[in-house]
Amino acid sequence: MANLRFTEQPLSEWMRSGGKESEIVISSRVRIARNLLNRPFPMLATNQQSEDVLNQLESVLQDQRMQQFGPLSSVLLADLDELDKKVLVEKHLISPNLANESRYGAVFISDDESLSIMVNEEDHLRIQCLYPGLQIEEAWEKATAVDDIFEAQVDYAFDDNRGFLTSCPTNVGTGLRASVMMHLPALVLTQQINRILSAVSQVGLTVRGIYGEGSEATGNLFQISNQITLGQSESEIIENLYSVVMQIIEHEKSARERLLSESRLRMTDRVMRSYGILLYAAIIDSKEAAQRLSDVRLGVDLGLIDTLPVQVLNELNVMTQPGFLQKKFQVSMSPGERDMYRAKLIREKLGK
Amino acid sequence: MHCQECGKRPATLHFTKIVNGEKTEFHICETCAREKGELIPGTSGGFSIHNLLSGLLDFTPGSHAHGTKAPENLRCEECGLTYSQFSKLGRFGCSSCYKYFNDRLDPLFKRVHGNTVHVGKVPKRVGGHIQIKRKLDDLRRELQYRIHQEEFEEAAALRDQIRELEKNISEE
Ligand SMILES: [Zn+2]
Ligand SMILES: [Zn+2]
């Protein structure tokens, strides 16, 4: 197949503009899970059944109402090598789950990479919208519009009482997972983070590390998502998430102000040391890179560093991941070599 | 006798509560009892319906709750997934699993979501009658309220509205 543009460039089009509250909110994402009526879920489907699902869903993409979202590139997971899959996961264009499930697994990605439609993941259909900054409502509106187009042409597995029927009981009902990725260094530094995150979990939201379930939060990035999908309407889910995120933003902002006013010199020192390490290190592991990038991002947001566009940091967050590094340098690397290439890449990027 | 909460499932639990000499009888199914446990008046403090039910809700193999199949025999006739496979995998095999495992799902959904019934988006093509049903539920609730308030004129108007909607459903 043709070389995948999506795995060549680190920064999706959608990431180039900042979006609302972009000094704290990196991105907003909405995913809705749907299944076709009278077909076994992908976990139990035969090859033939999975192929049929793919064909049926792919045909909906021909609907002229889909044109408003621009051309969609179709990618069959079986056609990709492991590295390309890894990069798509690192860019959040596909889920780790789809990367492992290559049996008629497919993804349809819009040119600006803000829309990706996954087929034969855990559910037959997953519609995902990604936007920069705090644009959770906008992401929902787009996802539901795409959903409407599918729904007009295929019969969904839907039940009056249970709503949209999904493979996992945690998605049933709306099938909606809305997430906001936040950079919260000041709450971590002032040790308020645990208190806030436990409060968040008490209002039906969950907090995860940046690459989803099971992974650790690195670089002070936290993903806040709704946990409840049944018994709340989509607008309630979105509003609840939005209002909690706004409150976290306020806490982070006041923590940043306090850090600046009470310990400006120490903050400057911390930020500049991290900047210095990124500029001159010869070896850096991914954990340290994430932490230093977080410090530098905070420095940029606080105006302590004024020569560095935040876009470069967004780019580096993706480029320093193992898959992208190997893609970029076209060599397979041992973890030790990765640390060297990572440092080299960061030096190049920041040196410009 | 049907459950007085949901009106659908048979009442498997009957008990009498006496508060200050006032006797109240409850007839409910175990699902609703579990769900509405805290909402039943007078059950908080000293008497917990959850304690009463814990025996009934014990799903371990070999236990036989009233009239319900033991989980090891429970399976989805459509895809063949058994209930015990489901509880191990944490995944349904097909949408019919929801139907075959239905009686056991409320406690699970209650635990995961705090809710058991969908109130969100409804697919437009299948949704017509669902919207009407939801509207009917609202009207019936309001009717009860009006009757309770002895506002009989409003109640009569509501009753007519309800009849009209019910006619629409049966004509579909
Ligand atoms: Zn009941
Ligand atoms: Zn099934």
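The exercises below, each with a worked solution, concern a predicted model containing chain A and chain B.

**Exercise 1. Describe the make-up of chain B, from its elements to its surface.**

Solution. Begin with the secondary structure: chain B holds seven helices and two strands, and their order from the N terminus is β-β-α-α-α-α-α-α-α. Next, consider burial, where 35% of the 172 residues in chain B count as buried. Then turn to the contacts within the chain: of those between residues at least 6 apart in sequence, 31% join residues at least 24 apart. Finally, the exposed surface of chain B comes to about 10,600 Å², and carbon and sulfur atoms supply 49% of that area.

**Exercise 2. Work out how extensive the interface of chain A and chain B is, and which parts of chain A contribute to it.**

Solution. The first step is to choose a yardstick, and the size of an interface is often given as the accessible area lost when the parts come together. By this yardstick, the area buried between chain A and chain B is about 3,000 Å², with 56% given by carbon and sulfur atoms. On the side of chain A, the residues that lose the most area to chain B are A:Asp160, A:Arg162 and A:Pro169, which together account for 22% of what that side buries. A count by residues complements the area: 42 residues of chain A are in contact with 34 residues of chain B.

The second step is to look at the polar side of the interface, across which 21 residue pairs are in polar contact, both residues being at pLDDT 80 or more. The elements of chain A that give two or more residues to the side touching chain B are helix H5 (136-153), strand E7 (163-164) and helix H8 (234-280). The largest share of that side, seven residues, comes from H5(A).

The third step concerns charge: six salt bridges are found across the interface of chain A and chain B. In a salt bridge between the two chains, the side chains of B:Asp106 and A:Arg162 meet at 2.7 Å, N to O.

**Exercise 3. Establish whether B:His118 is buried or exposed, and identify what surrounds this residue.**

Solution. First, locate the residue: B:His118 is placed in the loop between helix H5 (102-113) and helix H6 (124-148) of chain B. Second, apply the cut-off: its relative accessible area is 2%, and buried means under 20%, so B:His118 is buried. Third, list the contacts, leaving out residues up to four places away in sequence: B:His118 touches B:Arg134 in chain B, and its partners in chain A include A:Phe158, A:Asp160, A:Arg162, A:Leu230 and A:Glu234. Fourth, the side chain of B:His118 reaches the backbone oxygen of B:Lys121 at 2.8 Å.

**Exercise 4. Contrast the settings of A:Leu125 and A:Leu44.**

Solution. Take A:Leu125 to begin with, which lies in strand E5 (residues 125-132) of chain A. Its relative accessible area is 1%, and therefore A:Leu125 is classed as buried. Beyond its neighbours within four places in sequence, A:Leu125 is in contact with residues including A:Ile32, A:Leu57, A:Met118, A:Phe150 and A:Tyr156.

A:Leu44, by contrast, is found in the loop between strand E1 (25-34) and helix H2 (47-60) of chain A. With a relative accessible area of 34%, A:Leu44 is partly exposed, because that class spans the values between 20% and 50%. To complete the picture, A:Leu44 joins A:Met43 and B:Leu89 in making a nonpolar surface patch of about 240 Å².

Terms used. Residues numbered from 1 in each chain as written. Chains lettered and ligands numbered in written order. Predicted model: local features only at pLDDT ≥ 70, side-chain atom pairs only at ≥ 80, totals over all residues. Heavy atoms only, no water. Helix = DSSP H or I, 4+ residues; strand = E, 2+ residues; numbered from the N terminus. Buried < 20%, exposed > 50% of the residue type's maximum accessible area, 1.4 Å probe, protein only. Contact = heavy atoms within 4.5 Å. Areas by Shrake-Rupley, 256 points an atom, 1.4 Å probe, with all protein chains shown as cover. Patch = residues over 30% accessible without salt bridge, like charges linked within 9 Å, V, L, I, M, F, W, Y side chains within 5 Å. Salt bridge = Lys/Arg side-chain N within 4 Å of Asp/Glu carboxyl O. Buried area = accessible area lost by both parts, 1.4 Å probe. Polar contact = N/O pair within 3.5 Å; in protein donor to acceptor, adjacent residues only side chain to side chain.
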